[in-house]
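Here is a friendly briefing to read alongside the model. Keep the 3D view open and follow along topic by topic.

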Amino acid sequence: MAEILNVEAQARESFGKNAARRLRHSGRVPAVVYGGGGPSVSLTVDPKAIVRILHSEAGHNAIFTLQIPDKAPARVMLREWQWEPIKGGLMHVDMVRIARDEKLKVRVPIRITGEPQGVKLQGGVLEFILREVEVECLPDDIPEHITVDVSDLVIGRQLRVSDLPVAASVKVVAEPGRVVAHVVAPKAEVEPAAETAEAAPVPSEPELIRKRKPEEEEGAEEAKEAKAEGKKEKK
């Protein structure tokens, strides 16, 4: 990765919210640089220079030279930055000094190329799941991005972190089994339910058959016999 540009900074002499507000009104923003065995130094920088770096090909992984009057130039990277929530202007920048012989852990974007076979021939849908990955390497070996060809992906096949093509000087820190992209079958359309369902037959009420109790059967017999005797007397 090449250093893309220089950023000029000035030592910051006033502090506090009001001073920071006046500084931003003048066209500069508060900043700080630290790390690399050196002291923490409060600075002011031109926000346009920082935005240009963030919008560059390398983005926040860009290494640039910070020039401070009366101090040796320092190779630095952006560590943190803060945006104004309403107007979107840059409010504050943190930078860290970089040593050429010390490895860094940075997040690098993943880019895909090609049209998957599963999309072109099988009508599947490509899902790009992992769009950046953490790597460890020396500052000069930081890739701007990792590009991988997905042309061979078919439905059901997955592209994983272990499949990413990286240089031997770059170590991928992320879990090798994590899925980067895959092709899935299109979802089947669900037919709407019938608006009117055939009415189910209403079951008829079952006939109740009550079994007589023994005493009821005995009484009935006695009444039957008494009725018969009564007919005999009339004769």
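The secondary structure of this chain comes to 4 helices and 13 strands, where helices (H or I, at least four residues) and strands (E, at least two) are DSSP runs numbered from the N terminus. This is a predicted model, in which local features need pLDDT of at least 70 and side-chain atom pairs count only at pLDDT 80 or more, while totals for chains, interfaces and linings use all residues. Residues are numbered from 1 along each chain as its sequence is written, and side-chain values use heavy atoms, with hydrogens and water left out.

**The chain as a whole**

- Buried residues make up 31% of the 235 residues in the chain; buried means under 20% relative accessible area, exposed means over 50%, and partly exposed lies in between (1.4 Å probe, protein chains only).
- The accessible surface comes to about 16400 Å², and 50% of that belongs to carbon and sulfur atoms; such areas come from the Shrake-Rupley method with a 1.4 Å probe, and for residues only the protein chains shown count as cover.
- Among contacts between residues at least 6 apart in sequence, 63% join residues at least 24 apart, a contact being heavy atoms within 4.5 Å.

**Helix α2 and its surroundings**

- Ile50 has its place in helix α2, residues 47-54.
- At 0% relative accessibility, Ile50 counts as buried.
- Leaving out residues up to four places away in sequence, Ile50 touches Val7, Val45, Leu78, Leu90 and Val93.
- Ile50 and Val7 are 43 residues apart in sequence, with 7.9 Å between their C-alpha atoms.
- The buried residues of α2 are Pro47, Ala49, Ile50, Ile53 and Leu54.
- These buried residues cover an arc of only 160° around the axis, so they lie on the same side of α2; the arc is that of the directions from the helix axis to the C-beta atoms.
- Exposed residues Lys48 and Arg52 sit on the face of α2 turned away from its buried side.
- The cover over the buried residues of α2 includes β1, β2 (29-35), β3 (38-45), β4, β5 and β6 (90-97).

**Strand β4, its partners and a hairpin**

- Strand β4 (residues 63-67) is mostly covered, with 4 of its 5 residues buried.
- β4 pairs with strand β1 (residues 6-11) in the parallel sense over 3 bridges; two strands pair if DSSP finds at least two bridges between them.
- Within that pairing, Leu66 in β4 stands opposite Val7.
- On to β5 (residues 74-83): 4 bridges join this strand to β4, and the two run antiparallel.
- Leu66 has Ala74 as its bridge partner in β5.
- β4 and β5 form a hairpin with 6 residues between them.
- Asp70, found in the loop between β4 and β5, has a positive phi of about 65° although it is not a glycine.
- For context, most residues other than glycine have a negative phi.
- Asp70 is exposed, with a relative accessible area of 84%.

**Two open sheets**

- One open sheet has 3 strands in the order β8-β13-β11, with antiparallel pairing.
- β8 (125-128) and β11 (158-160) stand at the edges with a single partner strand each, so one side of each is left without a neighbour in the sheet.
- β11 is joined by 3 bridges to β13 (residues 179-184), where Ala181 is the bridge partner of Leu159.
- Another open sheet has 4 strands in the order β10-β7-β9-β12, with mixed pairing.
- Its edge strands are β10 and β12 (171-172), each pairing on one side only.
- β9 and β12 run antiparallel and are joined by 2 bridges; Val135 has Val172 as its bridge partner in β12.

**Nonpolar cores**

- The largest nonpolar core has 26 residues, of which Met77, Val106, Ile110, Val133, Val135, Leu164 and Val180 touch the most other members; such a core is a set of buried Ala, Val, Leu, Ile, Met, Phe, Trp, Tyr and Cys residues joined through side-chain atoms within 4.5 Å.
- β7 (104-113), β9 (132-137), β10 (146-149) and β13 each supply at least two residues of this core, and the largest share, 4 residues, comes from β7.
- Ile110 touches Phe128, Leu130, Arg131, Glu132, Val133, Ile146, Val148, Leu164 and Val180, not counting residues up to four places away in sequence.
- Apart from the largest core lies another of 23 residues, among them Val29, Ile50, Val93 and Met95.
- In soluble globular proteins, nonpolar side chains tend to be buried together.
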